[in-house]
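Hi,

Here is the structure I said I'd pass along. Have a look at it first, then read on for my notes.

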Amino acid sequence: MTGTEAIAGVYLKATGKTATLTSGSKYTKIIGLLGYYQRRWAREPNVDWNSLYDPAVSIGTVTATDTFELDTSTIRKISDREGDVVRIVWSDGVGYTDFDVVSIDALREKSLGASRENRSGNYCARNGGSLVFNHTFESDDSEFGGEIFVPCYIFPNELDADTLTEDVQVDDPDWLITRAAAEYVRTDLTRANQYPNLIAEANEIMERMKDDNEAQVTEVGKGWTAPGGLGDNGAWS
């Protein structure tokens, strides 16, 4: 469902009327509500949406430091799925090194001193808007100059007036339409009595989405690819 179709859906759900809105205050309000609730959906508490999972987001190349910036406008959360690792693909495009993701407190325990010179294992952790490794990379390290790939859950693309021809990214667009319609009527004195029913319907759809999300089974078989590559199912080989 495109953003344009979602606008028509919200207006129909809220007013019972069909209309093709292309401008005006109602049009602007509905776009704003759709964009806001799509972002809210991505941040739904205690849920990691499988549709927003990306096994390998590049965050740049390895330089002489232990800390690398994460694009927090794109990356919501580093994945904690079993088997997921941060991978540095060496500059030769063939070799690679995997790093287990741990908590920042665990990383401090695995690092020796402020210089993080512990080479007994490969670990990294998210610290705010950065990814921190348990040692500083040096120019003679195999990883130096390689590309860092992070498994994560991303944010959906922005839904606004410039992206209405694109599909909304909520797993069940009916939730987005119903939740936006509920907020649309909440401040309308003539339709505010519809708000509780719309909220109840939106909550029901949300619970079904969560159940469907939990029911999805992640494929564990991995087809062969060259070292450092992604398999057919999007997982590292």
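Which residues form one aromatic cluster? They are F68, F99, F133 and F137. Bear in mind as you read that this is a predicted model.

Let me stay with that cluster for a moment. Two of its members, F99 and F137, make an aromatic pair with ring centres 6.1 Å apart and planes at 75°. Pairs with planes over 60 degrees apart count as edge-to-face, so F99 and F137 are an edge-to-face pair. The pair bridges distant parts of the chain: F99 sits in strand 5 (residues 96-101), while F137 is in the loop between strand 7 (130-133) and strand 8, 38 residues away. Both partners are buried, F99 at 0% relative accessibility and F137 at 1%.

There is plenty more of this kind, as the structure holds nine aromatic pairs. Another one joins Y53 and Y153, whose ring centres are 5.5 Å apart with the planes at 55°, so this pair counts as tilted. Again distant parts of the chain are linked: Y53 belongs to strand 1 (residues 53-61) and Y153 to strand 8 (residues 147-154), 100 residues apart. Y153 is buried too, with a relative accessible area of 4%.

Now the helices. Helix 4 (residues 173-186) and helix 5 (residues 195-215) have axes that come within 9 Å and cross at roughly 160°, which makes helix 4 roughly antiparallel to helix 5. The crossing is left-handed. On the helix 4 side the contact includes D174, W175, T178 and R179, and on the helix 5 side Y195, L198, I199 and E201 are among the residues involved. Sorted by class, this contact has eleven nonpolar residues, one polar and five charged.

Helix 4 also meets helix 2 (residues 25-42): those axes come within 9 Å as well, crossing at roughly 125°. The two helices are therefore oblique to each other, and this crossing is right-handed. Helix 2 brings K26, K29, I30, L33, L34, Y37, Q38 and W41 to the contact, and helix 4 brings W175, L176, R179, A180, E183 and Y184. The class split here is nine nonpolar, one polar and four charged.

One thing to look at on screen: W175, R179 and E183 of helix 4 appear in the contact with helix 5 and also in the contact with helix 2.

Cheers

Definitions and conventions:
Residues are numbered from 1 along each chain as its sequence is written. This is a predicted model: local features need pLDDT of at least 70, side-chain atom pairs count only at pLDDT 80 or more; totals for chains, interfaces and linings use all residues. Side-chain values use heavy atoms; hydrogens and water are left out. Axes are lines fitted to C-alpha atoms, for helices over the stretch in contact, and angles run from 0 to 180 degrees between N-to-C directions. Helices (H or I, at least four residues) and strands (E, at least two) are DSSP runs, numbered from the N terminus. Angles under 35 degrees count as roughly parallel, over 145 as roughly antiparallel, 65 to 115 as roughly perpendicular and the rest as oblique. A crossing is left-handed if the near helix is turned anticlockwise from the far one by less than a right angle, and right-handed if clockwise. Contact means heavy atoms within 4.5 Å. Ala, Val, Leu, Ile, Met, Phe, Trp, Tyr, Cys and Pro count as nonpolar, Asp, Glu, Lys and Arg as charged, and the others, Gly among them, as polar. Rings of Phe, Tyr and Trp (its six-membered ring) pair if their centres lie within 6.5 Å; planes under 30 degrees apart count as stacked, over 60 as edge-to-face and the rest as tilted. Buried means under 20% relative accessible area, exposed over 50%, partly exposed in between (1.4 Å probe, protein chains only).
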